[in-house]
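Biologist: Could you take me through one part of this model slowly, as you would for a first-year student? I would like a close look at the aromatic rings and what surrounds them.

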Amino acid sequence: MKRFLAFLSPVLCLGFATLWLVYDKEKNYYLAAAVVLLFSAVPFFMSFEKSKPSASELSLTACLIALAVVSRAAFYLIPQVKPIGAVVVVSGVCLGAKRGYFVGAMSAFIYNFIFGQGVWTPFQMAALGTVGLISGLVFGKIQAKRIPLAITGFLLCFAVYGFVVDSCSVLMMSAQPTLSSAITIYAAGAPFSLVFGFATAVFLLLFGESFVKKINRIIVKYAILPEKNI
């Protein structure tokens, strides 16, 4: 926990400094939030790079990112019913919190080359990255069984992902956000987040535990990730 807090402290300092710099008289809330979110991702990417990952680890990480992107694209006709949340959760469980964040953030960045980059990209990166991060922290303490996986996936994709992504809508749709306008937008987005959370829970309930076992088998076979903590 001390290492985790030490890791986040420069992120928070840099974020607040950036927020102060870009917060001008016109109250550009979106620019401030987007820059903070982008800065929050940089230390995770730097930490991943400094860990000097092996070729096997990079290959496994890249495969999981590709699987997350493909799973998002394959279900594009069904609104909010996407396996990508389940893939990110499993990545956090098997690869650890730091790599779980990396898989989630990179997946959001890459699939937006298919569906369109925009002001929402840093929010989606932060949201999916946080899903992977928290999954790694939670299942570093408990076993990755079907029910805990499904419950965790639902809560993270409904509450965490939904809140962060809907925050983008709050900043985009309101020139000067108020509490009432924010509540309205969050309430309007809740059904979509609920469907995404429920779909993630179903995918994890059906395939999560077996998927985790297969990834862990690869990790053991090729001696990948001797230490998974952040």
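Modeller: Let's start with Phe-115, which is partly exposed, with a relative accessibility of 35%. This is a predicted model, so please read each value as computed from it. The partner of Phe-115 is Tyr-111: the two ring centres are 6.3 Å apart and the planes meet at 75 degrees, so this pair is edge-to-face, because an angle over 60 degrees counts as such. Tyr-111 is buried, at 2% relative accessible area. Where do these two rings sit along the chain? Both belong to helix α5, residues 97–115, and being four residues apart there, they are separated by about one helical turn.

A charged neighbour joins this pair. Arg-72 lies over the face of Phe-115, 4.3 Å from the ring centre. Arg-72 also lies over the face of Tyr-111, at 5.1 Å from the centre of that ring.

Now let's visit another helix. In helix α7, which covers residues 146–173, Phe-154 and Phe-158 are also four residues apart, about one helical turn. Their rings are stacked, with 5.6 Å from centre to centre and 15 degrees between the planes; the label fits because stacked planes are under 30 degrees apart. Phe-154 is partly exposed at 24% relative accessibility, and Phe-158 is partly exposed at 29%.

How many aromatic pairs are there when ring centres must lie within 6.5 Å? The count comes to six, including the edge-to-face pair of Tyr-111 and Phe-115 and the stacked pair of Phe-154 and Phe-158.

Technical notes:
Residues numbered from 1 in each chain as written. Predicted model: local features only at pLDDT ≥ 70, side-chain atom pairs only at ≥ 80, totals over all residues. Heavy atoms only, no water. Buried < 20%, exposed > 50% of the residue type's maximum accessible area, 1.4 Å probe, protein only. Lys NZ or Arg CZ within 6 Å of the ring centre and 35° of its normal.
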